Structures are given as structure tokens and as C-alpha cells.
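Student: Please pick one part of this structure and take me through it closely. I would like to know what sits there and how far the model can be trusted.

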Amino acid sequence: MRSLFYSFFVPALFVWLWSTGFIGAKYGLPFAEPFTLLLIRMLLTLVVLGGLAWLMKTRWPGWRGAGHLAVTGMLVHGCYLGGVYYAIQDGMASGIVSLIVGLQPLVTAAAAVAFLKESVSGRQWAGLALGLIGVALVLLEKFGVNGADSMFSPWSLLWAVFALAGISMGTVYQKRYGASADLVAGTLIQFAAAAVLFAIGAFALETREVEWSLQLQLSMAWLVIGLSTGAVLLLMWLIRQGAASQVASLFYLVPPVTALEAYLLFDERLGGLAMTGGLIAIVGVALVVSQKKTVQ
């Protein structure tokens with residue numbers, strides 16, 4: 001029973017926490033623009049992580065290591081979250097955003113071949129192909145079959161692809177230059193770098209007006225405590241328990257979990273073609289992840 005708890009229930013909890021980030025974004029975005037909302041989230045998270053770093057007597061990296069962590073933070077958190085939030089703001093369903101950025105293991109695998117000279121098996125190439133076919137079917141339903149009735153604009157698709165590129169490049173960069181930095185210190189530096197990026201975007205592109213409704217306050221509390229802090233601490237615990245590989249193998253469950261949550265909370269519905277495409281994409285990601293988990 002203890003082994004089952006470590007190998008399934010805790011990693012599944014981490015996957016669920018990650019999936020709620022898309023839901024939290026949808027709850028908060030009606031009351032603040034994307035970069036503004038993300039800037040507030042990062043600043044509040046830095047306060048929490050700063051307190052944890054002080055209590056845990058965190059070991060800080062040198063300037064060179066901090067610089068690499070900052071680049072990773074701007075890619076993995078800045079570009080990724082900024083793209084996700086703007087895609088949702090522009091009308092893309094949170095379940096579809098989750099599906100597109102959920103292709104990260106596939107894109108990372110392809111990037112690892114190009115930049116890290118890693119080998120990819122035939123099974124993984126099949127997974128890459130299935131993932132692309134699956135997303136193509138989802139987009140075909142939204143843009144081809146439904147035509148003018150599409151629920152999101154081409155701009156939202158570009159934002160989602162931008163988020164996918166950010167987290168994929170950030171993963172490869174971290175794999176290439178990331179050292180054994182303390183997880184709390186590394187996350188704090190990454191969030192600080194992302195906060196700078198969001199501040200530039202908020203002051204350059206947005207009005208920075210915020211309506212502090214109860215819904216926004218609850219959403220922000222969950223995004224900061226439950227996701228940015230809780231998910232990180234849970235991941236750190238999983239790594240210490242030697243269960244990080246289970247997190248990687250379950251990560252492809254994020255899109256269907258998000259789609260289910262979006263259906264229950266927002267009545268977001270996918271047609272038959274989109275659901276089929278989503279399942280094909282999930283199978284494709286599973287083939288890539290299960291064959292070579294270190295590509296994450």
C-alpha cells in the first residue's frame with residue numbers, strides 16, 4: 001500500500017495540481033490582463049518562496065548558475081505562462097490550450113535531437129507523428145469543420161504555440177546548462193526572472209487595471225499557494241522519494257484532466273473529431289515519454 005501511495009497517488013496529485021493552473025487562469029483573467037495577473041502572481045509567489053528559502057537555509061548558486069536559471073525561468077515560466085494566459089484570454093478553451101502545450105515532451109524530444117544530439121527510437125518518432133496528427137484533428141474541427149463558428153482566433157493559436165515553444169526550449173536549455181541547484185533557490189530565481197518579463201509586458205502593453213473581486217482573490221490564492229508553491233514542494237518531495245520518473249510518465253494525463261475540469265466548471269465541450277484528436281495526441285506523447293523519460 002505504501003509503494004502504491006508513492007508510485008501513483010502522489011504523482012497523480014502533482015499532475016492534478018498542474019492541470020488546475022489552466023482553470024485558475026480562466027477564473028482570474030476576467031478581472032486582470034494576462035501579464036498584469038501573472039506579475040502579481042509571481043510577486044506573491046516570490047514572497048512565499050523567499051520565506052521558505054530563509055526557513056530551509058537554502059543554498060544559493062553562483063552568478064553564472066543564477067544566469068542560466070534566469071534564462072530558463074523566462075522561457076519555462078515567462079513565455080509558457082504568458083502564452084497560455086493570452087491564448088485563454090483570446091478565447092481558446094483551457095482544455096485545448098492544455099492539449100497543445102501538452103505536446104511539450106514531443107517538441108522537447110525533437111529539439112534534443114537537433115541541439116543535444118540525442119537519439120530517438122522508431123517508437124518515439126511514431127509518437128511524434130501521432131501527436132501532430134492528433135492536434136491537427138483538433139484544429140481541423142475548430143477551423144475547418146466549424147469554420148466561422150470557431151470558438152478561438154488564430155491569434156490564440158499563435159499564443160498557445162508560443163507557450164509550447166517557450167517551455168520546450170526552456171526544458172532543453174535547462175538540460176544543457178542546468179546544474180544541481182537547490183530546488184527552492186532555483187525556482188525563486190526562475191520566478192524572479194519571469195516577473196521581470198511580465199513587468200515589461202504589463203507596462204508596455206496593458207493598462208494594469210485590476211478588479212479585486214472575491215473570485216480573483218480566490219484564484220490568485222490557489223495559483224500562488226496551491227500551484228506555484230504547493231506543486232513545487234510536492235515535486236521536491238517526489239524527487240527525494242525517488243518517484244520523479246512516475247511524474248514524467250503521468251504527465252501526459254494533464255490534457256484530459258484539464259478537459260474534464262473545464263467541462264465540469266465551464267461547460268467547455270469538444271466535438272467528436274476534437275476528442276479523437278486529443279486521444280491520439282495523448283497516445284503519441286505516451287509513446288515518447290514511456291520510451292525515454294529523461295527527455296522531459
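**Rings and their surroundings**

Tutor: Read along the sequence, the chain follows the pattern α-α-α-α-α-α-α-α-α-α-α-α. That comes to 12 helices and 0 strands, where helices (H or I, at least four residues) and strands (E, at least two) are DSSP runs numbered from the N terminus. The model is predicted, so local features need pLDDT of at least 70 and side-chain atom pairs count only at pLDDT 80 or more, while totals for chains, interfaces and linings use all residues. Residues are numbered from 1 along each chain as its sequence is written, and side-chain values use heavy atoms, with hydrogens and water left out.

The part to look at is the set of aromatic rings. Rings of Phe, Tyr and Trp (for Trp, its six-membered ring) pair if their centres lie within 6.5 Å; planes under 30 degrees apart count as stacked, over 60 as edge-to-face and the rest as tilted. By this rule there are 8 aromatic pairs. One of them joins Phe14 and Trp18, a tilted pair with 6.5 Å centre to centre and 35° between the planes. The two residues are 4 apart in helix H1 (residues 2–28), so they are separated by about one helical turn. An α-helix has 3.6 residues a turn, so residues three or four places apart point the same way. Phe14 is buried, with a relative accessible area of 6%, whereas Trp18 is partly exposed at 25%. Here buried means under 20% relative accessible area, exposed over 50%, and partly exposed in between (1.4 Å probe, protein chains only).

Another pair is Tyr86 with Trp159, which is stacked, at 4.6 Å centre to centre and 15° between the planes. Tyr86 lies in helix H3 (residues 63–89) and Trp159 in helix H7 (residues 154–177), so this pair ties together parts that are 73 residues apart in sequence. Tyr86 is buried, with a relative accessible area of 13%, and Trp159 is partly exposed at 23%. Both residues belong to a cluster in which ring pairs link Phe35, Tyr86, Trp159, Phe162 and Phe198.

A ring can also be met by a charge: a charge sits over a ring if NZ of Lys or CZ of Arg is within 6 Å of the ring centre and within 35 degrees of the ring normal. The charged end of Lys26 sits over the ring of Phe266 in this way, 5.3 Å from its centre.

Now take Tyr80, which is found in helix H3 and is buried, at 6% relative accessibility. Contact means heavy atoms within 4.5 Å. Leaving aside neighbours within four places in sequence, Tyr80 is in contact with Trp18, Phe22, Leu75, Val101, Ala163 and Ile167. Its C-alpha atom is 5.2 Å from that of Gly166, although the two residues are 86 apart along the chain. Gly166, Ala163 and Ile167 are among the buried residues of H7. The 24 residues of H7 should span 34 Å at 1.5 Å a residue, and its end C-alpha atoms are 34 Å apart, which agrees; the expected span is 1.5 Å times one less than the number of residues.

Tyr80 also has a place in the largest nonpolar core, where Tyr80, Val84, Tyr85, Met92, Ile100 and Phe198 touch the most other members out of 56 residues. A nonpolar core is a set of buried Ala, Val, Leu, Ile, Met, Phe, Trp, Tyr and Cys residues joined through side-chain atoms within 4.5 Å. Helix H2 gives the most to this largest core, with 10 residues. Apart from the largest core lies another, of 5 residues, among them Val10, Leu17, Ala231 and Leu234.

Finally, trust. pLDDT is the predictor's confidence in each residue, from 0 to 100. The chain has a mean pLDDT of 79, and 78% of its residues reach 70 or more. Confidence is highest in helix H2 (residues 34–55), at a mean of 94, and lowest in helix H10 (residues 244–250), at 47. Over residues 243–249 pLDDT stays under 50, and the value is also under 50 throughout residues 292–296. Where pLDDT is low, the predicted coordinates should not be read in detail.
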